[in-house]
Amino acid sequence: MQPGFEPHDSQAELLRLRDVYQRQRDAHAGDPFPDAAARRKRLGLLRHLLLQHGDEIATAISADFGHRSSHETRSLEIFPSLAGVDHALAHLGRWMRAQRRGVSIWFKPASNTVVPQPLGVVGVIVPWNYPLFLAVGPLTAALAAGNRAVVKISEYTPHFGETFRRLLAQYFGEDEIAVINGGVDVAQAFAGVAWDHLLFTGSTAVGKQVMRAAADNLTPVTLELGGKSPTLVGPDYAIATAAERILHGKCLNAGQTCVAPDYVFLPRGSEQAFVDAARAAVQSWYPDLGRNPDYSAVINSRHLQRLQGYLRDAEEKGARIVPLAEADAASGKLAPTLVLDVTEDMKLMQDEIFGPILPVLAYDRLDQAIDYVNARPRPLALYYFDYDRQRIQQVLANTISGGVGLNETVMHVGQDDLPFGGVGASGMGHYHGREGFETFSKMKPVFAQSRINGLWLMRPPYGKRMATLLKFMLR
Ligand code: NAD
């Protein structure tokens, strides 16, 4: 920890949690349906915060990581956060409008609408890997939908947590947005609060615990989880292009990205070409990688040891380890590393890697790679490199994943008009864009009867009239 940053006192954070929750509840009761102008004002303040305090945010996150490239913080956290706010500002009016729905002939001339309504007070639990974007993304959706929100920042990013709390306090009252810091004990208590909605981003294992805790209050959850995101390269795709695009997605934030390519399947025989192209790309991007400020560190020594352990375990079991550059472990960095000749008993083929290690597998026929994916938990992202429409369709139709990137990795997350969320073991529910607004709204159906209507025809006493009607109704 840097001077001035003390570990958080759990007891104080728990008291604070209770206090801000009650204050937000009371504030919501006093203003349950903020109009578009009020929501725009809050989004505007968030926008201002992002634009004005980029340096402080980047410095805090870098302190938490040991080193995080400030360009990565700006391009992968501040930029998509800002773009998400701008998208919400541009579309809020349309999202808030009551939607007219159809009425069947039997109920005419009544009318049907779906009215989006703020849920109230929502909770957001944030992991450490993109602490700003994974807090501001859900906050944007929650504020656009007219809610108040409390955000729990990860115990691994205390500098960011403290900075974010201080910055938010300059623009918002804690009855609008509040930040809770602290350890796992605080996070557990947070998951047990009776939120009107809880969005959790983190690992699949913790996601299960969060859902259990939320069940006690019947709190609806959106779970943004992780897993192993497969990358398949089509039979005649240019290997050098694939290697560049895959390694780029893998090297961002040193592979500590929920949608980073976890492993790659190549057409058999192209492995060496892939290794050569991957090495050339990494060396051209990060000369002197250990000291290169553009390459981020692994979050802490525990995770560094976990990743080194994967390499040791794989090597002991017969894999070929191919580092693509050199990095001194003392720098807290791990060089991008390919692993060839992998087998299923290796730990790195079982756990989500979440670091700059990329196992390389080969297929003889594309369906073998598809079968491999389908024999495993449903991934958060799936990447396929090909321009052949039929094979693209084959992959899309025969696999299911949270999202898909064709001929590119990671960038689908930054598309404001696409929903983001996992499926199966990689999560449930969506946010970003309209889907985020709807996640944090009660999409309330309203049936409005008209002054004059024919429903009296169906009232008892049932007799000939009803029998005739039923003859038409049950055709
Ligand atoms: P994690 O699950 O260990 O922790 C996530 C958050 O949950 C932290 O804030 C932590 O304090 C809190 N937490 C820990 N134990 C808890 C409990 N019992 N109850 C409630 N909250 C608890 O995950 P992490 O190590 O911070 O992040 C890495 C994981 O997150 C990876 O699996 C990655 O794929 C996933 N992830 C997913 C997305 C996505 O958008 N789907 C984005 C980023 C990361």
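**Cysteines**

I began with Cys 258 in this predicted model and found that Cys 258 is buried, at a relative accessible area of 18%. I then looked up Cys 251, which is buried as well, with a relative accessible area of 1%. The sulfur of Cys 251 has its closest cysteine sulfur in Cys 258, 16 Å away, which is too far for a bond. Cys 258 accordingly takes part in no disulfide. For the structure as a whole I recorded zero disulfides.

**Salt bridges**

I searched the whole structure for salt bridges and obtained 21. I examined three of them in turn.

I noted that Asp 19 and Arg 23 meet through their side chains, at 3.2 Å from N to O. Both belong to helix α1 (residues 10-30), where they are four residues apart, a separation of about one helical turn. Asp 19 is partly exposed, with a relative accessible area of 36%. Arg 23 is partly exposed, also with 36%.

I next took the bridge between Asp 31 and Arg 148, for which the N to O distance is 3.9 Å. Asp 31 sits in the loop between α1 and α2 (36-52) and Arg 148 in strand β4 (residues 148-152), so this pair ties together parts 117 residues apart in sequence. I entered Asp 31 as partly exposed, at 30% relative accessibility, and Arg 148 as buried, at 5%.

The third bridge joins the side chains of Asp 236 and Arg 391, at 3.2 Å from N to O. It links distant parts of the chain: Asp 236 is in the loop between β8 and α9, and Arg 391 is in helix α13 (residues 389-398), 155 residues apart. Asp 236 is exposed, with a relative accessible area of 59%. I also recorded one network, in which salt bridges with shared partners join Arg 16, Asp 19, Arg 23 and Glu 174.

**A buried acid without a bridge**

I looked up Glu 271, which lies in helix α10 (residues 271-285). Glu 271 is buried yet has no salt bridge; Arg 268 offers the nearest side chain of opposite charge, at 4.4 Å. Since a salt bridge requires a nitrogen to oxygen distance within 4 Å, I did not enter one for Glu 271. Leaving out residues up to four places away in sequence, I listed Leu 266, Leu 340, Val 360 and Ala 362 as the residues that Glu 271 touches.

**Aromatic rings**

I counted 17 aromatic pairs. One is Tyr 237 with Phe 385, edge-to-face, at 5.5 Å centre to centre and 75° between the planes. Tyr 237 is in the loop between β8 (229-233) and α9 (239-251) and Phe 385 in strand β13 (residues 381-385), so the pair connects parts 148 residues apart in sequence. Tyr 237 is buried at 8% relative accessibility, and Phe 385 is buried at 0%.

I then entered Phe 420 and Tyr 431, whose ring centres are 6.2 Å apart with planes at 65°, so this pair is edge-to-face. Phe 420 is in the loop between β14 (403-406) and β15 (427-428), and Tyr 431 in the loop between β15 and α14 (433-439), 11 residues apart. I found Phe 420 buried at 7% and Tyr 431 buried at 1%.

Ring pairs also link Phe 65, Trp 128, Tyr 156 and Phe 354 into a cluster. Arg 68 lies over the face of Phe 65, 4.7 Å from the ring centre. I noted a further charge over a ring: the charged end of Arg 376 sits 3.5 Å from the ring centre of Tyr 372.

Conventions: Residues are numbered from 1 along each chain as its sequence is written. This is a predicted model: local features need pLDDT of at least 70, side-chain atom pairs count only at pLDDT 80 or more; totals for chains, interfaces and linings use all residues. Side-chain values use heavy atoms; hydrogens and water are left out. Rings of Phe, Tyr and Trp (its six-membered ring) pair if their centres lie within 6.5 Å; planes under 30 degrees apart count as stacked, over 60 as edge-to-face and the rest as tilted. Helices (H or I, at least four residues) and strands (E, at least two) are DSSP runs, numbered from the N terminus. Buried means under 20% relative accessible area, exposed over 50%, partly exposed in between (1.4 Å probe, protein chains only). A charge sits over a ring if NZ of Lys or CZ of Arg is within 6 Å of the ring centre and within 35 degrees of the ring normal. Lys and Arg count as positive and Asp and Glu as negative; His and the chain ends are not counted. Contact means heavy atoms within 4.5 Å. A disulfide is a pair of cysteine sulfur atoms within 2.5 Å.
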